[in-house]
Amino acid sequence: MITAQALRDRARSAVAALGGGPVAVAVVMRRVVRSFAEARGMPLTDAALDSAGLLSVPSADHPSLDHLLTDYLGPDGTAADDLVLEEIGYVYEALLEDSSRRDNGAHYTPPELADEIVAHTLAPVTAPDATVVDIAAGSGVFLLASARYLASSCQVPMVEVVTGCLYGADIDPVAVDIAKLSLWLLCEDPALSLTFLDDRILCGNSLVGLVDPADLPADVRDPKAYADAMVAVALPLGGRPGRRLDDAYAALSRGRRLPVPVVRPIHWALVAPEVMARGGFDAVVGNPPYLGVKRVRDAIGQELRDYLAHTLAGGTTRRADYVIYFLLRAAALSRGEIGLITTDSVSEGDTARFGLGALLDRGWQVARAERSAPWPTAGVRFAKIWLTVRPLDSAWLDGRPVSAITGTLEEGLSLPEPARLDLEVPLPHGYQGTIVLGRSLVLTPSEAEKLARGPLGHAVRPYLSGEDLVRPCGSTASRFVVDVGKLGLEELAEDRALARLVQSKVRAERRRQFVKYPQLKERWWGFLSPVDELYRDAAGVSHVIAFSKHSKHLWPVLVGADHVFSNGLVVYPTQDPAAYAFLASDLHRVWAMRAGGTMLNTAYRYNPSRLRATYPFPADLAPLCPVGEALLAALDRVGTERRIGVTGVLNLVGDPHTHDLATTDLRQAIADVNHATARLQGIDESLATPDLTPTGFGLTPIRQRALMAALVDQNLTLAEASGTSPETSGTSPETSGRSAETSHASWV
């Protein structure tokens, strides 16, 4: 007998001894599968695997190789007779820690998690002929769980369930082979062909390909080849609908040779025609890959990312997690039930808008959800969600009954989508800071001190970044930047040291950037995007209000106006305490986080333009001036006394064990700002009352939702009065986060 961990460790050692790489992994996994088969009285030979085309490797029967693998995987007669079949995938995952599959966000799912997802998903549709698919099946953990559940619940032979109910797909050919072999072992029938699932467990990209048979022209000689060709011509066009794509499709019928796509599509309309003809699979289960917003394009390429965005989500998913493509594909394939493990960002920002929010608009409901938990074997957090089209009287959220669940996985019904408003906004425009581009113009304090002594020393300016913003309150920049874009080269020559820096370091760096940024050629010594309007508007004030563009705490900081602000900041060119109070209020924060921004991994991406376009601003913010001044004074006191930055200050405010006088006064100042802003907005002040609880200081989720509902109601009232609506507001998909054909969103 051998433990799963011991087998995993030995398999890793065997792969290393074989020199690593895909062939070594396949060789070792072949021996692992054979050991599981032998332990179950279903012996496998290399010849049988070769004949079936499973786990194919060259020279697998070399005597020295057998001896080496036996030393690692089978010393002392150990056998896999006490291991469940899911442990095959557990071993395989251990061999992929440095592989592209792990880099692409895939993780082995512990069997108990798969069992839970499957049980709640299949319970409403349990029948001997129920159809289940996992579109990111990996080594088959969810398929094994589904087979056991249906066989047990329906009291039918396992082989009937496996051959009649299950479908799966994955981009990893070795994982697909392991899934097939694991299901073969589960059937416990040595006479069953190893190829019995070749037409059901598929290797390819389950997100790419035809779902609706009507998309394929009639009388096509080779439907599979023609469907592949449709993908091949659509991919370079990013799947964008329009004349170019229509012309490309039309040209296929005239061509002599059909093109082949660079990816391997899975055309569900052709793979499971009977299933799709009756509306789709009864259930979709699985654990799709985890890829945050920043990683999607690099991992799958911009061409494929754009294709998925346009074919699955109407082109509206530029800043959403990869998981939403699987969520939307699952909805297209299922006629009733979905159960998935996803990243916990599925309920946040654009990922919620384009994913769960879009599905709720189409009639799906969240039947059950658990919002966030640490993944057992990786440094990520995950959520569990179950969707249905069945009528629901109630739902389950984090283990408790609730009336309904929103697209952001909160209790309650989804709110209408805010409309685009045409208001006089009593707040200056918020600007993204300067895009300097590169490092050659950025200086350390010592470098800046030397250049500041020269004739053009005034061109050396403090450079404020998002990191600087969270240092002790009111602090200045830790770096400097050479701001010479408005000077000519002849003027630069007057300062020899500065001219030498520009001609050597800056010019060399810029030459490498001309291909991507040809606009730099004319004045290559300047910034890529100087944002002159920001500095023009800030010319008459000594301080401005700045936010970090990507932040867990959307909190404004008052900083000196004499800086060059990095593009990691959003800057309001004003020092008005009333404006500061509004921007520090929870009314602004709730709207900015839920309707006026997007989610980027674990941080919010602040979007001032979206905020201005939709927030129901009052006519004047001046009444907030007194509470704004009091809040600034309270912040300064805590920051100065503790010598900490805004993050440290906010951590103190949120610490239920901190009760010193300065922090208590700051909490009261924050509450006063909330109450004054609510009064000005005409909203019940109790909705904006923050509480100090054992988990922190701020608005409870229930109050956040109620506050958002009140603001959305004001937005729609103003829109109705002006004759606009969510459908006709003119908000584009890229700015509103919704497609033109939908009219509601799960903002909270």
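The following exchange asks how some descriptions of this predicted model are justified.

Biologist: What should I know about the numbering and the atoms used?
Modeller: Residues are numbered from 1 along each chain as its sequence is written, and side-chain values use heavy atoms, with hydrogens and water left out. Because the model is predicted, local features need pLDDT of at least 70 and side-chain atom pairs count only at pLDDT 80 or more, whereas totals for chains, interfaces and linings use all residues.

Biologist: Why is the pair of Tyr167 and Phe281 called edge-to-face?
Modeller: Rings of Phe, Tyr and Trp (its six-membered ring) pair if their centres lie within 6.5 Å, and planes under 30 degrees apart count as stacked, over 60 as edge-to-face and the rest as tilted. Tyr167 and Phe281 lie 5.2 Å apart, centre to centre, with 70 degrees between the planes, and are therefore an edge-to-face pair.

Biologist: What makes Tyr167 count as buried?
Modeller: Buried means under 20% relative accessible area, exposed over 50%, and partly exposed in between, with a 1.4 Å probe and protein chains only; Tyr167 has 6%, so the residue is buried. Phe281, at 0%, is buried by that rule as well.

Biologist: Why is the pair of Phe582 and Phe617 called tilted?
Modeller: The centres of Phe582 and Phe617 are 5.3 Å apart and the planes 45 degrees, so the angle is neither under 30 nor over 60 and the pair is tilted. Phe582, at 1%, is buried, as is Phe617 at 7%.

Biologist: How do you know that Arg8 lies over the face of Tyr90?
Modeller: A charge sits over a ring if NZ of Lys or CZ of Arg is within 6 Å of the ring centre and within 35 degrees of the ring normal; Arg8 lies over the face of Tyr90, at 4.0 Å from the ring centre.
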